[in-house]
Amino acid sequence: GFVMGYSEPNVKSGDFPAEDIASTGNIRTFFASASLDAFLSREVALNLSFHRFDQEHINTNRALGLGIVGAPGELYLENAFNEENYGGRAKVVFDMGQHTAVFGLDLDRGEMDQTVNAGSLLQLFGVAPSSSTHPEIDRWAFYANDTIVIDQFSFTPGIRYDHNSVTGGFLSPSLGATYRVGDHSVLRASVARGFTIPPLVSTSGGGLFLDPNPAL
């Protein structure tokens with residue numbers, strides 16, 4: 001399988017007379033992914049996938065000319081983000097009658113160039129004309145689960161360990177169970193522990209009005 005896409009919308013966020021600014025944005029995005037599914041035997045299936053994601057996002061705020069920020073069109077604040085993310089996935093499935101075991105590995109690397117350009121009004125308050133940060137993150141994860149079928153019941157214990165270079169590691173156990181009531185009805189219950197990693201700019205980025213926190 002192969003998927004590729006590109007988009008470039010131009011965004012006008014609106015005019016804000018109270019702040020004397022007009023906000024616009026430009027977002028260019030490219031993404032691609034490739035995958036391979038193969039049966040190594042009747043009992044063993046393999047899935048491999050690779051992906052890449054590139055995005056440039058520029059948000060520009062300029063004066064409307066109402067006497068607060070400056071002359072019409074004068075720069076107030078511009079934020080530019082250039083993000084790259086790439087990685088791969090590998091998964092092996094063993095189908096052994098009562099057991100269906102899954103083992104997987106995820107690998108990712110993310111990089112970002114963030115630049116803040118300030119206009120003359122902000123520079124009067126000590127803001128640098130231009131500043132930049134270059135946060136990055138490496139992530140990997142390993143997971144395993146097994147679905148065990150016993151008569152009308154099935155049980156799926158699982159575990160996943162995630163690690164990244166900013167916030168460290170996190171262990172996520174899970175347990176699921178089903179009961180087949182009849183030919184058309186199934187009762188299902190599950191419990192799990194998980195997390196969502198914040199955006200890279202929130203944990204190790206920087207810039208005006210932003211204090212990144214790697215402990216998030």
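This passage walks through a buried polar pair, a nonpolar surface patch and some salt bridges in a predicted model.

Let's start with Thr-60, which sits in strand S4, a run covering residues 44-63. Thr-60 has a relative accessible area of 10%, so it counts as buried, the cut-off being under 20%. Its side chain meets that of Glu-78 in a polar contact of 2.8 Å. Apart from neighbours within four places in sequence, Thr-60 is in contact with Ala-22, Ser-23, Thr-24, Leu-75, Leu-77 and Glu-78.

Glu-78, the partner in that polar contact, belongs to strand S5 (residues 75-96). Here is a little puzzle: Glu-78 is buried yet has no salt bridge. The nearest side chain of opposite charge is Arg-62, and it is 4.9 Å away. A salt bridge needs the nitrogen and the carboxyl oxygen within 4 Å, so this pair does not make the cut. Not counting residues up to four places away in sequence, Glu-78 touches Ile-58, Asn-59, Thr-60, Thr-115, Val-116 and Asn-117.

Now for the surface. A nonpolar patch there is made up of Phe-103, Leu-105, Leu-107, Trp-140, Phe-142, Ile-159, Tyr-161 and Leu-171, and together these residues have about 710 Å² of accessible area. Strands S6 (99-118), S8 (136-150) and S9 (153-164) are the elements that each give two or more residues to the patch. The most come from S6, which supplies three. One patch member, Leu-105, is placed in strand S6, and at 35% relative accessibility Leu-105 counts as partly exposed.

On to the charged residues. Side chains of opposite charge can pair when their charged atoms come close. In this model the count comes to eleven salt bridges. One of them joins Arg-89 and Asp-106, with the closest N and O atoms 3.7 Å apart. Because Arg-89 lies in strand S5 and Asp-106 in strand S6, the pair ties together parts that are 17 residues apart in sequence. Arg-89 is partly exposed, at 28% relative accessible area, whereas Asp-106 is buried, at 11%. Both residues also belong to a network of salt bridges that links Arg-89, Asp-106, Asp-108, Arg-160 and Asp-162.

Arg-109 turns up in two salt bridges. With Glu-136, the N to O distance is 3.0 Å, and this pair links strand S8 to strand S6 across 27 residues. Glu-136 is partly exposed, with a relative accessible area of 42%. With Asp-138, the distance is 2.6 Å, N to O; here Arg-109 in strand S6 and Asp-138 in strand S8 are 29 residues apart. Asp-138 has 34% relative accessibility, so it counts as partly exposed.

Note on methods. Residues are numbered from 1 along each chain as its sequence is written. This is a predicted model: local features need pLDDT of at least 70, side-chain atom pairs count only at pLDDT 80 or more; totals for chains, interfaces and linings use all residues. Side-chain values use heavy atoms; hydrogens and water are left out. Helices (H or I, at least four residues) and strands (E, at least two) are DSSP runs, numbered from the N terminus. Buried means under 20% relative accessible area, exposed over 50%, partly exposed in between (1.4 Å probe, protein chains only). A polar contact is a pair of N or O atoms within 3.5 Å; within protein, one must be able to donate a hydrogen and the other to accept it, and residues adjacent in sequence count only if both atoms are side-chain atoms. Contact means heavy atoms within 4.5 Å. Lys and Arg count as positive and Asp and Glu as negative; His and the chain ends are not counted. Patches are made of residues with over 30% relative accessible area and no salt bridge: like charges are joined within 9 Å, nonpolar side chains (Val, Leu, Ile, Met, Phe, Trp, Tyr) within 5 Å. Accessible areas come from the Shrake-Rupley method with a 1.4 Å probe; for residues, only the protein chains shown count as cover.
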